[in-house]
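This report introduces selected features of a predicted model to a reader who has not met it before. Please consult the sequence and structure shown below while reading.

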Amino acid sequence: MPAFPQSTVLGYPRIGPRRELKRALESYWDGRATRDELEAAGAAIRASTWRRLAELGLEGLPSNTFSLYDQVLDTAVLLGAVPERYREAADPYFAMARGADGLAPLRMTKWFDTNYHYIVPEIGPETAFKLDAAKPLGEVREARALGYETRPVVVGPVTFLLLSADPEAALARLDDVLACYEELLGALAAEGVAWVQLDEPALVADRTPAELAAVRTAYERLGNVAARPGLFVASYFGHLGEALPVLAATPVEAVGVDLVRGGADGLAALAGKTVVAGVVSGRDVWRTSPSRAARALAAVREHADQVTVSTSCSLLHVPYDVTAEPGLDPALRGRLAFAEQKVSEVVALSRTAPPVQDGGEDARAHRAGAADVSVGAGRSAYEVRARAQAERLKLPLLPVTTIGSFPQTGELRAARAGVAAGTLDAEEYESRVRAEVERVIRLQERLGLDVLVHGEPERNDMVQYFAEHLEGFAVTANGWVQSYGSRCTRPPILHGDVSRPEPITVRWAAYAGSLTDRPVKGMLTGPVTIVAWSFVRDDLPLRDVVRQVADAVREEVRDLEAAGVPIIQVDEPALRELLPLRRSAQAGYLEWAVAAYRRATSGAGDRTQIHTHLCYSNADQILAAIDGLDADVTTIESARSGARILDAVGSFGRGLGPGVYDIHSPRVPDAAEVEGLLRRTLAVLPAGRVWVNPDCGLKTRTYEEVEASLANVVAAAAGLRAEL
Ligand code: GLN
Ligand code: ZN
């Protein structure tokens, strides 16, 4: 077995430095480009990535980290796990990813605790596994033709099965899946590949004894393949915990560990193996502290002879290049490292001789958490508030509302781009936004909604908008990170102490309120969500950062209330996202996250109704924490997942609006369907606490769809109200 290279990264961004892949995909999907043109765009991105990594001095170049859509979907294709119904589609790969005429796509969900979404494989007794190694072999050959030897990266068998729709049924197919991986190892060996990387991030979460046994079986078997490349099993997003000794006892030659999130404890078990030490974070945008990284490497070297310097996970989760951000404040830019800079850090660390002495304390000031200043007794008990609000708002039973955004038209987006480019003046933009607010108010009045919204036309994005108006944040010009498929976001960078120099939303809320007699909700993003969707400073504990943001939101709530806004919604769609992967850490997280939300909202008086909104599957698992937010009304995604949450909401103690309309699809629900969902809700909750609303904001829909859908929602609510 050739020695493992001295430096490597676990993966790299693939959307292209200028989002070339996004453009190529969209052209192909629209029929403006052929499949060959799409493939050529992919090949160009791969070639420039390998060239760049080699230029930067990286020794171990990965391949097969490119994907036209998603690496988990690629793995399903590799293993032949294409559900029968997609096989006849014109393009089965994209039919699984995005759907095709008459075929719904496979489900999509979050990749561990990142903001990346993968396609959920469907594995069952009927899955006919059959290896199709064209993609990894093709990339090995393609790189070789350019003069580079590479290490193919594939999702490992245990993680692949555990991530599928029914993990238990999938794990029952372990033997058959392993047969495919054995064949893959043989094919890679025949191709002259020295090392293969099998990604097993699922091993850093709690695993049952049966799942740990699957790890043992898998890597015993793969280790015993006669002719195979060296086996490098990469873990990331946390410490391997109980899986570490299991993996250590198998014949794999190299193990990757995340030393940013986990410590070096237990690594003695890996004696005799190469430890691929993830000391450069793949999850943030900060330069690595050389002394901290050196200390982590020294700790590993105590236990292992062979140590490779690497990133903590794939660099997929960070933007390409800081030098593409000339607009950033130079002092801030000097603190940042995107993918290119992180590769250089890995290379530099691999070339530094192991330090004899501890490098001393690094500059990171671990300030003590801000004292838990009391934010006042705040609000009365829910029942008392509910009475005060009922008197003020005079709403009917089953009030109908929406989640906040109305369709973002092309004209609005173009106007915003015009302001950025200097071709549209701020005043003209402002008057267009006001016109849009008025249109949205009139539409809601006409449709007969009870609690109106202003429609959020002034917001590009629910987090970026606030980041642009708060101190302590910076936004990038090109810092795109893949969210799923061709979709990218530009997470703001929270780099300093957060404060709110002046009111942000008050004039919009006040203007909307002045247009109508009906109550209009003020609309804010919650502290946890603002932090979850940003890159966050690492010199303060996360809970302290969230608390600073909560204080800024609290000031905005106070000003909205003072401006006479009767209802204030503070969205927390990302509450579940930051939930730690290990169960033992979850209660502690929920406690401080809920406390931050209450800090943000508890300054409101009893007569001001606080709403919150959450949207993701499995909300039922944290329903008690959601109730603990103590919002007067919670609107929550439900229709999309077949209203499963209704089984759990019986104990919910406050107003609740389980969504009656899946906004992810262009389909218009009819009134009978909405009525059916409402009847189910009324069977588990008192009518006086039931709200009627869509699953989420309407931003991505068209006005045509929204008008038709909301008309049916209003009709269904009115019909039922008459019965109550
Ligand atoms: N108020 C936001 C909207 O309606 C909420 C979006 C979200 O939950 N992701 O767009
Ligand atoms: Zn939502």
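Glycine 448, just after helix H16, takes a positive phi of about 90 degrees. The helix that precedes this glycine, H16, runs over residues 426–447 and holds 22 residues. From its first C-alpha to its last, H16 reaches 32 Å, close to the 32 Å expected at 1.5 Å a residue.

Several residues of H16 are buried, namely Val433, Glu436, Val437, Val440, Ile441 and Gln444. Because these residues cover an arc of only 135 degrees around the axis, they lie on the same side of H16. The other side of the helix carries the exposed residues Glu427, Glu428, Ser431, Ala435 and Arg446. The packing partners of the buried residues of H16 are helix H15 and helix H18.

The table lists the residue ranges of these three helices.

| Helix | Residues |
|---|---|
| H15 | 410–421 |
| H16 | 426–447 |
| H18 | 506–514 |

A further topic is the surroundings of the ligand. Ligand 1 is surrounded by 13 residues, the closest being Ile403, Gly404, Ser405, Pro573 and Gly697. By character, the shell around ligand 1 comprises six nonpolar, four polar and three charged residues.

The last topic is a single loop residue. Aspartate 647 is placed in the loop between strand S18 (633–636) and strand S19 (655–658). Aspartate 647 counts as exposed because it has 10 C-beta neighbours inside 10 Å, and the cut-off for an exposed residue is 12 or fewer. In sequence, aspartate 647 and threonine 681 are 34 residues apart, while in space their C-alpha atoms are 9.3 Å apart.

Note on methods
Residues are numbered from 1 along each chain as its sequence is written. Chains are lettered from A and ligands numbered from 1 in the order in which they are written. This is a predicted model: local features need pLDDT of at least 70, side-chain atom pairs count only at pLDDT 80 or more; totals for chains, interfaces and linings use all residues. Helices (H or I, at least four residues) and strands (E, at least two) are DSSP runs, numbered from the N terminus. The expected span of a helix is 1.5 Å times one less than its number of residues. A residue is buried if 20 or more other C-beta atoms lie within 10 Å of its own, exposed if 12 or fewer, and partly exposed in between; C-beta atoms are placed from the backbone. The arc is that of the directions from the helix axis to the C-beta atoms. Two residues are in contact if their C-beta atoms, placed from the backbone, lie within 7 Å. A residue is near a molecule or strand if its C-beta atom, placed from the backbone, lies within 6 Å of it. Ala, Val, Leu, Ile, Met, Phe, Trp, Tyr, Cys and Pro count as nonpolar, Asp, Glu, Lys and Arg as charged, and the others, Gly among them, as polar.
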